[in-house]
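Student: Hey, I'm new to this one and could use a walk through it. Can you pull it up for us?
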Amino acid sequence: MISANDLSPAELAALLHFHADAGVEWLLEEEAIDRFAEFEAMKAARRPAAAQAQQQHPAAGERPLPSQAPPRPNAATRPAPAERAASGPQPAIPDGEAVQQARFVAETARSLVELRTAIEAFSSCNLKHSARSTIFASGDAESGIMVIGSAPSAEDDREGMPFSGKSGQLFDKMLAAIGLTRSAILLTQVIPWRPPGNRAPSAAEMDICRPFIERQIALAEPKAILLLGNFSARFFFGENDTIHGLRGRWKEIAVADCVIPAIASLHPQDLLTAPVNKRLAWNDLLAFQAKLKSLSLLRN
């Protein structure tokens, strides 16, 4: 193991960036766990099976040894129940069953408050077990204006709110450019939990999360939707084109009994990576602003 004291500042920064890209966010557990005690307990648990196997199948020329009770770990070395539960694997839920549970949970929620509580308690999606926060809609649900991002980033997961960090700062500037603020819209994400390492959600994970985002739309009943990012545009438009092929054109999204006009644009993170595309995003924002004014959702 290489000590941090042996690394130069540049090497240490590169190593930290590598860990962040790999999805490593915390180097220490919230509570101290005695891994040596866990290992000793695991060895003690294996001794009865090994002794029984030796008695049933002794080696040639050897006599079976009299059975002996394996030593029991004392209280100091035995892991606490909470630690054993935390280290144990989560029960596997079939994808089809998880989708049915998500639909039931979403349909029974009669308000955004109830839906948020239900999603926070939902445990049948693998993404929930690796994420720190559940990202839910925030802002003004009565505004008639909805902006939907893709999936939480590492900053979103840490802060517990969508569009955090540098991309969030750029997003605030984009809203301000067309006369909007976060508090004046309903802001949410397609996926409520950050995928590990910022990977793309799997098809099964998308199916499980779909009832949640669709129920948010149905309860809020927005008059216009702005989709940000390639993933969210594909998710709602049902097309496999890139964001450059999907952006800038008004389409309709059908959710429950609602048909809502929606336009897609580049995600703020895309603009940080390729600032040359800001002119494209600006054209999309102007189109969104014009639609809001035509619907009397934004003052002239």
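Tutor: Sure. One term before we start: a residue is buried under 20% relative accessible area, exposed over 50%, and partly exposed in between. Also keep in mind that this is a predicted model.

Student: Okay, so where does R116 fall, buried, exposed or partly exposed?
Tutor: R116 has 35% relative accessibility, so it counts as partly exposed.

Student: And what does the side chain of R116 meet in a salt bridge?
Tutor: That would be the side chain of E120, at 3.2 Å from N to O. E120 is partly exposed too, because its relative accessibility is 39%.

Student: Where do those two sit?
Tutor: Both are in helix α5, which covers residues 112-121. They are four residues apart, or about one turn of the helix.

Student: How many salt bridges are there in the whole structure?
Tutor: Six turn up in a search of the whole structure. One of them links E214 and R210, with 3.4 Å between N and O. Those two lie in helix α9 (residues 203-220), again four residues apart and about one turn of the helix.

Student: Are E214 and R210 buried or partly exposed?
Tutor: E214 is at 27% relative accessibility, so it counts as partly exposed. R210, at 29%, is partly exposed as well.

Student: What about E205, buried or exposed?
Tutor: E205 has just 7% relative accessibility, so it counts as buried. Its side chain meets that of R199 in a salt bridge of 2.8 Å, N to O. R199 is partly exposed, because its value is 36%.

Student: Switching topic: why is strand β2 described as largely enclosed by the rest of the structure?
Tutor: Five of the five residues in β2 (residues 145-149) are buried, so the rest of the structure largely encloses it.

Student: Which way do the residues of β2 point?
Tutor: I145, V147 and G149 point one way, while M146 and I148 point the other way. As a general rule, side chains in a regular strand alternate between the two faces of the sheet.

Student: Which strands does β2 pair with?
Tutor: One is β4 (residues 224-228), which runs parallel to β2 and is joined to it by four bridges. There, I148 stands opposite L227. Another is β3 (residues 186-189), also in the parallel sense and over four bridges.

Student: And what is the bridge partner of G149 in β3?
Tutor: In β3, G149 is partnered with Q189.

Methods
Residues numbered from 1 in each chain as written. Predicted model: local features only at pLDDT ≥ 70, side-chain atom pairs only at ≥ 80, totals over all residues. Heavy atoms only, no water. Buried < 20%, exposed > 50% of the residue type's maximum accessible area, 1.4 Å probe, protein only. Pairing = 2+ DSSP bridges. Salt bridge = Lys/Arg side-chain N within 4 Å of Asp/Glu carboxyl O.
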